[in-house]
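Please open the model in a viewer and keep the sequence panel visible. The tour proceeds by selection, one stop at a time.

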Amino acid sequence: MNPNHVSFSQRTGLQPVPPQLKLGEVSTELRRLLDYCLSKEIGRVETHGPSRRYFSGIWEEVAKDLHVIFFKQLASSFENSSFALRGRLEKFVMGESFGQLFDLVEFFACRPGCTSVLKDELADTFVKSRAAYRIVDEQIVAIGTEEQAAAFQAAIASAQAAGASATRQHLIASGSELRNGNWADNVRESIHAVEAMARKIEPSAN
């Protein structure tokens, strides 16, 4: 389904269109959809044994990295059980602060072992739930409103088309700093983006 789809009842005024979330807000819907994305990924990659479900191959490494690196547990306590991980992730997604939640999303977004289907679905979830954030280059960045999201993504696309990689990197860093509430760093990265583009246009200028 198109992430921008508006239901019949919303198009006809029978139900209101959900409001755009503000920075720092995480709706129950966003949490529910993120949990659903992870649940489907586990269903795609788990192995069914005679008495249990577990991970094999590269996803066993993903699960172990999650246990040791993200949850900061000893490797010896790792339990290779997709059922146990499913319950742990559901509890975390539905109960943790938005900062911890977004850290978890970025963990999966940047892991090579996770499927491209999961990464696309995670990105679509932020659009569907009208969150004030987007996933860009495996990072969650702040965009504010839908109009600001369109302008931000257009700027990144324009920088990429122009071969201005430094400008693009500074724009993404700016959105990341905005997400974290680092206002001064957000402004600094934005200025660096402008400076990088100016150097791209006229390399000899000071």
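A residue is called buried when its relative accessible area is under 20%. The model is a predicted one, and the tour begins with two residues that meet this criterion: Phe 107 and Phe 108 are both buried.

Next, select helix α5, residues 98-109. Its 12 residues, at 1.5 Å a residue, should span 16 Å, and the C-alpha atoms at its ends are indeed 16 Å apart, so expectation and model agree. Colour the buried residues of α5: these are Leu 101, Phe 102, Leu 104, Val 105, Glu 106, Phe 107, Phe 108 and Ala 109.

Now display the aromatic rings. How many aromatic pairs does a search of the whole structure find? The search yields 11. One of them joins Phe 70 and Phe 107 in a tilted arrangement, with 6.0 Å from centre to centre and 55 degrees between the planes. Phe 70 belongs to helix α3 (residues 58-70) and Phe 107 to helix α5, so this pair ties together parts 37 residues apart in sequence. Both Phe 70 and Phe 107 are buried.

Keep Phe 107 selected and add Phe 108. The centres of these two rings lie 5.4 Å apart and their planes stand at 90 degrees; planes over 60 degrees apart count as edge-to-face, so the pair of Phe 107 and Phe 108 is edge-to-face.

Then widen the selection to Phe 55, Trp 59, Phe 70, Phe 71, Phe 92, Phe 107 and Phe 108, which ring pairs link into a cluster. For the final stop, centre on Phe 71: Arg 88 lies over the face of its ring, 3.9 Å from the ring centre.

Note on methods
Residues numbered from 1 in each chain as written. Predicted model: local features only at pLDDT ≥ 70, side-chain atom pairs only at ≥ 80, totals over all residues. Heavy atoms only, no water. Helix = DSSP H or I, 4+ residues; strand = E, 2+ residues; numbered from the N terminus. Expected span 1.5 Å × (residues − 1). Buried < 20%, exposed > 50% of the residue type's maximum accessible area, 1.4 Å probe, protein only. Phe/Tyr/Trp six-rings, centres within 6.5 Å; stacked < 30°, edge-to-face > 60°. Lys NZ or Arg CZ within 6 Å of the ring centre and 35° of its normal.
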